Every structure is written in structure tokens, then in C-alpha cells.
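These are my notebook entries on a structure I went through entry by entry. I began with the cysteines, then turned to the pockets and the strand pairing.

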Amino acid sequence: MTFTEKLLRALPPIEVGGRHIKRYHVTGDPGGIEPAVEKAAYAMLPELLPEPDGTPPATFVVLHRGGDDGAYINAYSWVWDNVLHFGCAVAGQPVLYCPDRDPSHFVRLDRADRPWIGCVWELPPIQHERNAWVRHMLAPHRPDLDAYLADSLPDGTTGDHS
């Protein structure tokens, strides 16, 4: 297998379940992620989000369309002021307990034998979001959720960021 970076795109934030959701899409397809896959993935979000705990209600998601039948949505939610809560759903990967190869048939991946947080193409947003959270929510005298929500990685490839 030859490694190739994938395309990374930041989309405008949305609100789900009272949480502000920053969105990243990762795919090898220049046409983007299929609308049916995107719709099904975002329909899973309420199941992937934690209960409110007083931390500003912010989450970032990485929706990844694999090069095969697989699709993955990883939700990273800020809790306990400075900790990431992780929720994941997968589609089209029988090895990950999916019932079929349909990339729009998502099921929650919540298994002790697969405590994964993301693959190499899904990890770049984590570093950026950590720094953005510190920059806008923890370090300033006044936390600025709007500034945090506006601070996303630029579109490019998964490897364009250091």
C-alpha cells in the first residue's frame, strides 16, 4: 500500500443538540463526500455527543470517506473545561461490526476491543483544535466561543499542516 494524503475541507459550523459543531471532511474524492453519506453521518451526531457539564458546548467532527466502502464520523467534544470526549460511528466496514457495506448505514462504534480515536487522515484537526481551544477559550482573560468556532484549518490536504 502506498500512502497518499487526502483532501481536507472545513465546512461552516452547525448546531446539534445544543452544541456548536465545527466540521471537517476528509476524502480522496475531489468531488467531496456523497450527500447521502454526509446526511446519514450527521444524523448520528446526537448519539455521539456527551451530556452538558458546564463547559462551553463545542464539538468538532471529522467525517472521513474511506477509499473503499468505509465511512467514519468522529465527534470530539470539549468537556470538563479542557478534555476531549470521543464518540464514533462507522458505516460500510463489516470488520468494525457494520451489518453491511453501505457507506450511509452508520452504527455507533463503542467497543472496548476498538478504542481508536482516528487514523492518520483524521488526526490533523485534533492538533489544530487543541491549539484553537487554548488560544480562544483557556488562555484569554475572556473566553471567546465565537472566535473558537471561526478558527478552523484551511482547506487543503491532510498533510498541509504542521
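**Entry 1: cysteines.** I looked up the sulfur of Cys98 in this predicted model. The closest cysteine sulfur, that of Cys88, lies 9.3 Å away, which is too far for a bond. A disulfide would need the two sulfur atoms within 2.5 Å, so I record 0 disulfides by this rule. I then checked Cys119 and found that this residue is in no disulfide either, the nearest cysteine sulfur being that of Cys88 at 10 Å.

I next asked whether Cys98 is buried or exposed. Cys98 has a relative accessible area of 6%, so I entered this residue as buried. For Cys119 I noted a relative accessible area of 26%, and this residue is therefore partly exposed.

**Entry 2: the largest pocket.** I noted a volume of about 320 Å³ for the largest pocket. Its lining holds 20 residues, and those closest to the centre are Tyr72, Leu96, Trp116, Cys119 and Glu122. Cys119, which I had already entered as partly exposed, thus came up again in this list.

I sorted the lining residues by character and obtained 11 nonpolar, 6 polar and 3 charged. Which strands each supply at least two residues of this lining? I found β4, residues 71-79, and β5, residues 83-91. Of the elements that contribute, β5 gives the most, with 3 residues.

**Entry 3: the second largest pocket.** I recorded about 160 Å³ of space in the second largest pocket. Its lining includes Val16, Gly17, Gly18 and Arg19, and also Pro46, Leu49, Pro50, Glu51, Pro52, Thr55 and Pro57. By character, I counted 6 nonpolar, 3 polar and 2 charged residues in this lining.

**Entry 4: strand pairing of β1.** I followed β1, residues 7-16, to its partner β2, residues 19-27. The two strands run antiparallel and are joined by 8 bridges. As one of the pairings, I noted that Arg9 has His25 of β2 as its bridge partner.

The hairpin of β1 and β2 has 2 residues between the strands, and Gly17 takes a positive phi near 55° there. I had already listed Gly17 in the lining of the second largest pocket.

With which other strand does β1 pair in the antiparallel sense over 2 bridges? I found β7, residues 156-157. On this side I noted Leu8, whose bridge partner in β7 is Gly156.

Definitions and conventions. Residues numbered from 1 in each chain as written. Predicted model: local features only at pLDDT ≥ 70, side-chain atom pairs only at ≥ 80, totals over all residues. Heavy atoms only, no water. Buried < 20%, exposed > 50% of the residue type's maximum accessible area, 1.4 Å probe, protein only. 1 Å grid on protein atoms, 1.4 Å probe; cavity = no way out; pocket = protein on both sides within 12 Å on 5 of 7 lines; lining within 4 Å. Points joined across faces, edges and corners; volume = space filled by probe spheres on them. Helix = DSSP H or I, 4+ residues; strand = E, 2+ residues; numbered from the N terminus. Nonpolar A, V, L, I, M, F, W, Y, C, P; charged D, E, K, R; others polar. Pairing = 2+ DSSP bridges.
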